[in-house]
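Please open the structure in your viewer and keep the selection tool at hand. The stops below are meant to be taken in order, one selection at a time.

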Amino acid sequence: MKRIWKHPEEPQNAKRYWRSVAELDRREDFLKNLGREFPEGDTLTEDERENSRREFLKIMGASVGMMGLASCRRPLTNILPYTQHVEWMVPGKSLLYATTMPRSGGATPLVVTTHEGRPTHVTGNPLHPLGGGIDTFAQASVLDLYDPERSQKPLGAGKELSWAKANDLIAAAVAEAKKSSGASLGVVAGATTSPTYLRLLGELKAAYPQVKLFQYEAVGGEGQTAANKEVLGAGVKPFLKLGSAMRILSLDCDFLGVDPVAGEPISAFTKHRAKEAKTADMNRLYVLENRYTLTGGMADHRKPIAASLIPVAAALIASELGDASAKALADTAPAGLKEWIAPAVRDLIDNKGKAVVLAGSRHGAEVHALVASINNALGAFGSTIELLQSTQAPEMGGFAELQAAVSGGQIKTLVSLTPSSLYYDAPDAEAFSKLVAEKGVKLIHVGTQKNRTARHAALHIPAAHYLESWGDACAADGTYSIVQPMIAPLYDGASKIEVLLALLGRKKLGPAEAAAAPAAAGAAPAEDAAYTAVRDTFASVAGGLDEKKWNFTLRDGFLKGSAFAKASAAPNVAAVAAIVAKAKPAAAPTDDSLEVVLTVDSSVYDGRYINNAWLQEAPDPVTKLTWDNAAWIGSVTFRRLGLKEGQHVKITVGGAEIEIPAIEAPGHVSNSITLPLGYGQKGVGVVGGGRGVNAYVLRKQPGTFVLSGAKVEVLPTIAELAITQDQNTMEGRAVYREGTLDTFNKDVTFAQKTGMDGHIPENISFYKGQVGVKSKENPDGFDYETKHQWGMVIDLSKCIGCTACIVACQSENNIPVVGKDQVRKGRVMQWIRMDRYFAVPKWGKNEVAQESTYAVDNPTPEQLENAEMVHQPLACQQCEAAPCETVCPVNATVHTDDGLNAMAYNRCIGTRYCANNCPYTARRFNWFDYNKRNPLIDTKVLGMTVGNLYAGPLGEKKEDESLRLQRNPNVTVRMRGVIEKCTYCVQRIESAKILQKQVQRDSKNFRVPTDTVKTACQQSCPADAIVFGDLADKKSAVVKAKASPRDYQLLKYIGTRPRTSYLARLRNPNKNMPGAENIAVWSNNQF
Amino acid sequence: MGNFFPRWSNWLPLKLAIAVVFIAFGVSVGVAYYFTPKYTRVGYEPTQPVPFSHKIHAGQLGLDCRYCHSFVENSSHSNVPTNQTCFNCHGPGKGNIRSNSPKLEMVVKANETGASIPWVKVHKAPDYVYFNHSAHLNRGISCVSCHGKINEMEVVRHDQPQSMGWCLDCHRNPEKNLRPLEFVTNLNYKAGDLTRADFYKGLLDKKIPAGEIATAIAGKGTKADNLDQLLALAEKTYGKQVTQTEVGTQIKKHWQIQPPENCTACHR
């Protein structure tokens, strides 16, 4: 008899996790695609079908005719060996180099994988004191190197110039500067930690005493810098010791996401989130913010408040701690805030010396001054915050000084070295660019992109990528690292150090110089000025140019023991009062006067990564929006305005207005609008050009990111946004498990008893397959004696949902980008899906009647404002009894004897049965030849413009030469018509096994050393949430992780026996907080 | 009305049917033979840009394969040597052997210009096949098993079909090709040339219990305590000469050779 299987009914009175408001409301557009792996409209349309049929016949006809000829011709291929041997190079093996990604906040230590001289993948440097996982931006930076639309030639007012001409223009500017002893020269630097860069700026100042130096970053923390200088002292850098902080309160500081705080890596924070035994200690995170951030998602207690009220909240905390200067500001607090803050502060006081308060870097000086006073009262300085004395940087002005200097008319040449784009992201950029033109200032812009500034500058110099230039940088604790080139500049770009050297007259830019420097391995030739400059700096940092020390530094990626010394002075709390007194208390936003919060975007940051396709396609961790930005509006306001998802709104604030699509954001405070910055750039290339809306136009003052008094007008048009939250659904099945510390302490194995898990019969699987451990009773099981058995554990307590794993996987496994149009059709190819669920705490047990339907028991908009947010990364679960395998008609997906669900791409014929049968929707189908046919461009066919993918044989079928260089040679580049999915980085597993064979030779020790194979996602994870290894090796970390009482399998009751399992999330609520009883109410109330 | 069709046409359908059967059989046999790598690949012998003779270098002179293909034990690829390797013997100021020979013209030129010599690929695995040389060489599979007697070839010829079925034949029964590691690059090696006493002594020296070796020779229940007993046992089982099966079986067992038959072993 046919067995009909039903998933167990979701208990109607339990807490439910949902991904979108459409799911919650059971809207028709959601229901239509529910449960379809390839939603309606996702498959080919009638027209497409007809076209593809014709195409098929055409090609078949041709190929039958050619068959006779083709089969007797063997394509002639050549082997081209090196003529001179390259040191360390073994053809077919990758080489790893340590280097550093210089960033405004400090260095990100990296290890770069290179194949025959091509950097293909970056990971964090595990040796570095602050090493470990890295964020999405660093992970995706390798793609920027190969961006075919990078700026490649110098431009003069938008027209291409020769390098000789560019050098002449620079020489002319230098000559002029010499005459005026620098008064005619202005240099705008970005925030930097590079000692060489700072030293050369100093030398510039020495050579031309009148030169004006400015520092500009589009989203720099001016308020923070000012407050720190006053309170902590000049050059003093706070260093956050996340691992020592057991109580953290964040005031709109997304320190786990895009607003990193200088300090210990995120893994130091997540270390205290996981708990395997009752005795272990767990940290607690309080968050106040206007929108959901990754940090808010990790919070134990979170309260959405308007960003305008953050100063008030800071003052309230300070006055709770007895700071009298904050009293006046604190008194303006709205109702309800104090009730929330008081118990939180009590908790912080109870944990004096282990507590810390953080503030978002873009808030004003008063917030940061108050936070310094709070941290001082909490005894944080010296315990959770270390004060370090950094080396003095030359005095630099801000943007206001820059504006003044330009309008003063003395500056004739302005050199922009900042990674921000002055004509695009500066406060009132339009007026600034006009001012520069009016005053006849020649702008020399150095950058990697042909952005607005590049196109309008008098001279644009293409910048070198950090993987192709010499440089240096300091990590957050001051540890000195060298940036070493992996490859000669692809387009002759010049690094910023080289431009400074050119200004000092010590170097000419461009290819002539590059040709004089043949790529001798090991040491660059002495005449490379940038190399010499870095070595000079190294000599002063390391105390003498010791060749051995230099080589060790290059090998390890950092100079041991070069961290900043501790600052001697104590914080000057007396200065706080003066700063706070200057602050104007902001009123809470109202229905008629909304606030606009400008934030950095998770894909493009401040706009600098606009042309990176991996980042564009990696869904925003909170909204799941790809390829665009949108106004995030809280449910209350969204519904009050009567908006539809993606509907355009016109936002007017301070005389400027923008039109932007709006999306409903659960967990967002009402009357507040969050606008991610960085979009709406034109002419930067097909990836980023013209996408999204430029929100910078609303900003008129430097350093302001919270704008009050905004008006919103609803427009009738609806934008087509590519949001992935309703794609590849788990159909609302209970896949996420979490509990409070109390639940855990009551029963540590609570996660294993949730739902049906406590009472499923043995061997219920209806998918036959090899399962379990091979033994006498189970002769068909997996061999744990003579084989490896791979498995993975993902700790939901640690996972912050940052999507670095998605990009790492994309980089390692040659996963193509499909473009916005294809994402809309649900054809995104990323093997890892970061599922983001919301849950409403109040809406649960005993709140609704048993018989109620979804439609009736919908939570109110007010409840949605307080929704909880959780993340669950999901890739192929490597089921032992895999449903996909039983339905494959051609055995293209089969099991290996080390427990992998293998995928033989060359065997797949594309029936997609496997994807339809996968309960985890973890399989992806190549609808088109995404690798060969650029999905982002349009093609003209018979006078009509169609998407390149749809142009059939008439479309452009050529891979960009430069993008091809990024491919991992150890992974097949898949073609159209095959299914693909995660295979636990099988190429890494196999090469580890082979390496072991090389070592063991004629002995029988086959097992690879414990925990030496790491998957790409695991390596990239900044939270250490992913553990992978050999289940048959008792010493391995994965065996220990699987032994955790929190371990559970997704959809265990269907008996697929996945090799990937999850550790349930724990939250650590404070009983005295309002609403604590509702937090993480356990997803099953039946237990 | 007359008969439209002549009488012989009555048998036409049957004749056609029989013909179709024969044709179909012929086509299948043809495809099975001519369309397989065994036919299409074996014997491929392209002319190389430099008339390098493996017969002279590896055969007459007895150069070890690894002198030129130096990374074959470390890497997936067996590297084609750089000009520097050639010039170790032929280079001016080095060995200077026949450095004026017109055959070396291209090598000398490549050294000057830095442009690679475009060697023609003989053995080509498809893009989706990830063959690894080091995994085979370090585990007792010789060059000769896949490439034939290169030391006797003037111009390198495709010797084995190198099809998936051919790979799997060996992965299923590796005994036929396993040999002690010191003979991996000895293309003339035959199991019969081994001295039985040395071979078994070698195994015993690696601390492999004699009992286990005996079991591998003559099945379960066989016992032996020392070398002499083993030798007697082997002679009884395999005859006077050392055989390939004998060597292969011992190596497979004691080195724990488990050639993977998974898809992921070669396809990633």
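What follows is a tour of selected places in this predicted model.

Residues are numbered from 1 along each chain as its sequence is written, while chains are lettered from A and ligands numbered from 1 in the order in which they are written. Because the model is predicted, local features need pLDDT of at least 70 and side-chain atom pairs count only at pLDDT 80 or more, whereas totals for chains, interfaces and linings use all residues.

**First stop: a helix and its neighbours**

Select residues 222-231 of chain A, which form helix α7; helices here are DSSP runs of H or I with at least four residues, strands are runs of E with at least two, and both are numbered from the N terminus. Seven of the 10 residues of α7(A) are buried, so this helix is largely enclosed by the rest of the structure; a residue counts as buried if 20 or more other C-beta atoms, placed from the backbone, lie within 10 Å of its own, as exposed if 12 or fewer do, and as partly exposed in between. Among the buried residues are A:E222, A:A227 and A:V231, and the buried residues of α7(A) pack against β9 (236-240), α13 and α22 (574-582) of chain A. Just after α7(A), look for A:G233, which takes a positive phi of about 110°.

Now add helix α13 of chain A, residues 365-377, whose axis comes within 7 Å of that of α7(A) and crosses it at roughly 45°; axes are lines fitted to C-alpha atoms, for helices over the stretch in contact, and angles run from 0 to 180 degrees between N-to-C directions. The two helices are therefore oblique to each other, a word for angles that are not under 35 degrees (roughly parallel), over 145 (roughly antiparallel) or 65 to 115 (roughly perpendicular). Residues making this contact include A:G223 and A:A227 of α7(A) and A:H368 and A:A372 of α13(A), where contact means C-beta atoms, placed from the backbone, within 7 Å.

**Second stop: a barrel**

Next, select the six strands of chain A that close into a barrel in the order β21-β26-β23-β25-β24-β27, with mixed pairing; two strands pair if DSSP finds at least two bridges between them. From one strand to the next, the twist averages 45°. Within the barrel, strand β23 (residues 631-633) runs parallel to strand β25 (residues 656-664) of chain A, joined by three bridges, and A:W632 has A:I663 as its bridge partner in β25(A).

Move on to A:R608, in the loop between β21 (594-599) and α23 (613-617) of chain A. Is A:R608 buried or exposed? A:R608 is buried, with 25 other C-beta atoms within 10 Å, and, leaving aside neighbours within four places in sequence, A:R608 is in contact with A:P419 and A:S420.

**Third stop: an open sheet**

Select the four strands of chain A that form an open sheet in the order β39-β30-β41-β40, again with mixed pairing. Strands β39 (1026-1030) and β40 (1047-1048) stand at the edges with a single partner strand each, so one side of each is left without a neighbour in the sheet. Two bridges join β40(A) to the antiparallel strand β41 (residues 1060-1063) of chain A, in which A:L1063 stands opposite A:D1047.

**Last stop: where the chains meet**

Finally, show both chains: their contact takes 39 residues from chain A and 43 residues from chain B. On the side of chain A that touches chain B, the largest share, six residues, comes from α33(A). Strand β1(A) pairs with strand β1 (residues 119-120) of chain B in the antiparallel sense over two bridges, and there A:I79 has B:W119 as its bridge partner.

Technical notes:
Two residues are in contact if their C-beta atoms, placed from the backbone, lie within 7 Å.
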